[in-house]
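I opened the notebook to record, entry by entry, what I looked up in this structure and what I found there.

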Amino acid sequence: RIAFVNGEFTPLSAASIPVMDRGFLFGDGVYEVTAVIERRFADDDAHLTRLDRSLREIDIPNPYSASVWTEIERDLARRNGLENGLIYIQVTRGVAERNFQYPTGLAPTIVMFPQFKRVQDNPIIETGAKVVTLPDQRWSRCDIKSTSLLAQVLTKQAAQQAGANEAWMVRDGSITEGASSTAFIVTKEGQIVTRRLSSAVLPGVTRRTIMKIAHGMRLDLVERNITPDEVLTASEAFYTSASTIAVPVVAFDGQTVGEGHPGPVFQTLYKTYLETIMAQTPE
Ligand code: PLP
């Protein structure tokens, strides 16, 4: 695999950053993940817009304009022969003596690499996922896509140990979001529900696209809190992320969700999402 590190393309196995990088010492950085499906970049502009916002929120200068980011992504994909997979981007504050406070004028550290994976062929789309609830142990700025992911690491590990594919995190009696995804339910009345955006959740790019698709189909959409009890009485549940597109939930805290298999609303949204991506011109 070829990586991009601070302006240079280099074999990933040989790529390195200094130990004094603040991303390493403090998790002082942000990241993005964009899916590539048959050489089409999924929601790339929205990911680059969110990267810019995350950087701005933590006072790291964005090293590139969106068009330069796009060019580097295309170049990285070409050099790797990446037709299906993910492009990971990380920007940290840079290298400095270890102090919590940071000096001005640091050069951000930029790391990009691909992951090979056919996100569109995930077998879980057919079988459905098991989800468990776990406490939301994160900080109060979950709208920033921070590389400080210790809470999610521990939460996803606990979910796996419980035999689940994903954790839906609960704070103050409501589900905030998945440990690495946005949570949705479809009520018995056919209403698609997801939590409204705030500092409690990441503004999911896939969430936005799925909502646009639902809106275009004149489906009933509402943004409000969801309780764990509501998932058990919902007709469907699913979660979205760039690295999975959308995944149907068939079991929740050990109980069956809806009919216990991927539901029609999920299937329609998933299919339309893929069709929308495939309608783009390949890179
Ligand atoms: N919420 C959290 C906490 C995430 O980590 C992610 C993705 O990794 C998402 C939601 C989904 O966001 P997106 O659809 O932009 O990938």
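**Entry 1: helix α6**

I began with helix α6, residues 205-216, whose 12 residues reach 17 Å from the first C-alpha to the last, close to the 16 Å expected at 1.5 Å a residue. I note at the outset that the model is a predicted one, and that every value in these entries is to be read with that in mind.

Which residues of α6 are buried? I listed Val205, Thr206, Arg207, Thr209, Ile210, Met211 and Ala214. As a reminder for reading such a list, I wrote down that an α-helix has 3.6 residues a turn, so residues three or four places apart point the same way. Past the helix I looked at Arg218, which follows α6 and has a positive phi, near 60 degrees.

**Entry 2: the shell around the ligand**

I then turned to the ligand, which has 13 residues around it, and of these Leu202, Gly204, Val205, Thr206 and Ala242 come nearest. Two of those names, Val205 and Thr206, were already in my list of buried residues of α6. I checked which elements contribute, and found that α6 and β13 (236-241) each supply at least two residues of the shell. The largest share comes from α6, with 3 residues. Sorted by class, the shell around the ligand holds 4 nonpolar, 7 polar and 2 charged residues.

**Entry 3: from α6 to α8**

I followed Ala214, a buried residue of α6, to a partner that is distant in sequence: Thr272 is 58 residues away along the chain, yet the two C-alpha atoms are 9.4 Å apart in space. Thr272 belongs to helix α8, residues 264-278. Is Thr272 buried, exposed or partly exposed? I put it down as partly exposed, because it has 16 C-beta neighbours inside 10 Å, whereas a buried residue would need 20 or more.

**Entry 4: helix α5 and the hairpin of β8 and β9**

Helix α5, residues 150-161, also went into the notebook: it has 12 residues and spans 17 Å between its first and last C-alpha, close to the 16 Å expected at 1.5 Å a residue. Gly163, which follows α5, has a positive phi near 80 degrees.

Further along the chain I looked at strand β8, residues 166-171, which runs antiparallel to β9 and is joined to β9 by 3 bridges. Trp168 stands opposite Gly178 in β9. The hairpin has 2 residues between the strands, and in this hairpin Asp172 takes a positive phi near 50 degrees. Why do I call β9 largely enclosed by the rest of the structure? Of the 5 residues of β9 (174-178), 4 are buried, so the description is justified by the count.

**Entry 5: positive phi away from glycine**

I looked up two residues that have a positive phi although neither is a glycine: Asp43, at about 55 degrees, and Ile245, at about 60 degrees. Asp43 sits in the loop between β4 (40-41) and α2 (44-57), while Ile245 is found in strand β14, residues 245-252. Asp43 counts as buried because it has 20 C-beta neighbours inside 10 Å, and Ile245 is buried too, with 22 other C-beta atoms within 10 Å.

**Entry 6: the six-stranded sheet**

I traced an open sheet of 6 strands in the order β2-β1-β6-β5-β3-β4, with antiparallel pairing. β2 (8-11) and β4 stand at the edges with a single partner strand each, so one side of each is left without a neighbour in the sheet. For β2 I followed the pairing with strand β1, residues 2-5, which is antiparallel over 4 bridges, and I noted that Ile2 has Pro11 in β2 as its bridge partner.

**Entry 7: the two domains**

Finally I looked at the division of the chain into domain 1 (2-117) and domain 2 (124-278), whose centres, taken over C-alpha atoms, are 26 Å apart. The contact takes 22 residues from domain 1 and 14 residues from domain 2. On the side of domain 1 that touches domain 2, β3 (29-37), α2 and β5 (85-92) each supply at least two residues, and the largest share, 8 residues, comes from β3. I closed the entry with the classes on that side of domain 1, which are 9 nonpolar, 7 polar and 6 charged.

Key: Residues numbered from 1 in each chain as written. Predicted model: local features only at pLDDT ≥ 70, side-chain atom pairs only at ≥ 80, totals over all residues. Expected span 1.5 Å × (residues − 1). Buried ≥ 20, exposed ≤ 12 C-beta atoms within 10 Å, placed from the backbone. Pairing = 2+ DSSP bridges. Near = placed C-beta within 6 Å. Nonpolar A, V, L, I, M, F, W, Y, C, P; charged D, E, K, R; others polar. Domains from an automatic or database assignment. Contact = placed C-beta atoms within 7 Å.
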